Amino acid sequence: QVQLVESGGGLVQAGGSLRLSCAASGRTFSQYTMGWFRQAPGKEREFVAAISWSGGSTYYADSVKGRFTISRDNAKNTVYLQMNSLKPEDTAVYYCAADRFAPAQTMGTPSRVSAMDYWGKGTLVTVSS
């Protein structure tokens with residue numbers, strides 16, 4: 001079992017930055033591909049970013065490319081999402097997800113999302129205009 005706990009959300013003005021963290025329990029964190037997703041009010045959950053188990057490969061949704069950076073520290077069992085140049089449309093609950101040995105480029109596909117091994121409970125990010 002892996003438990004994922006997100007933190008770092010909050011209220012920020014447009015143009016500002018936040019760094020989200022997702023701490024994972026368990027001794028096999030380095031075997032998991034990690035991803036960030038978000039869900040805005042009244043909208044479906046959407047893929048934001050993914051990182052391979054080694055950290056060597058990263059993938060981003062077009063809407064956040066160039067503004068968000070995903071990274072991981074396997075020694076700390078933690079994955080991060082650095083969010084810069086935030087926009088009001090980035091307002092959402094942000095969720096961390098883990099899937100063992102999944103190809104990172106598949107983390108945003110519907111089939112992967114529906115079968116994801118583990119999800120966190122989310123952290124709210126609110127960007128004011």
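Begin by selecting Asp90 and Arg67, both of which are buried in this predicted model. With the two side chains displayed, look for the salt bridge that Asp90 forms with Arg67, in which the closest N and O atoms are 2.7 Å apart. Colouring the chain by secondary structure helps here, since the pair links distant parts of the chain: Asp90 sits in the loop between β8 and β9, whereas Arg67 sits in the loop between β6 (58-60) and β7 (68-73), 23 residues apart.

Keep Asp90 on screen and add Arg38, whose side chain meets that of Asp90 in a salt bridge with an N to O distance of 2.9 Å. Arg38 belongs to strand β4 (residues 32-39) and Asp90 to the loop between β8 (78-83) and β9 (92-100), so this pair ties together parts that are 52 residues apart in sequence. Arg38, like Asp90, is buried.

Next, add Glu46 to the selection, because salt bridges, each a side-chain nitrogen of Lys or Arg within 4 Å of a carboxyl oxygen of Asp or Glu, can share partners, and here they join Arg38, Glu46, Arg67 and Asp90 into one network.

For the last stop, move to Asp62 and Lys65, which form a salt bridge whose closest N and O atoms are 3.1 Å apart. Is Asp62 buried or exposed? Asp62 is exposed, with a relative accessible area of 68%, while Asp90 and Arg67, where the tour began, are both buried. To place these stops in context, note that a search of the whole structure finds 5 salt bridges, among them the pairs Asp90 with Arg67, Arg38 with Asp90 and Asp62 with Lys65.

Terms used:
Residues numbered from 1 in each chain as written. Predicted model: local features only at pLDDT ≥ 70, side-chain atom pairs only at ≥ 80, totals over all residues. Heavy atoms only, no water. Helix = DSSP H or I, 4+ residues; strand = E, 2+ residues; numbered from the N terminus. Buried < 20%, exposed > 50% of the residue type's maximum accessible area, 1.4 Å probe, protein only.
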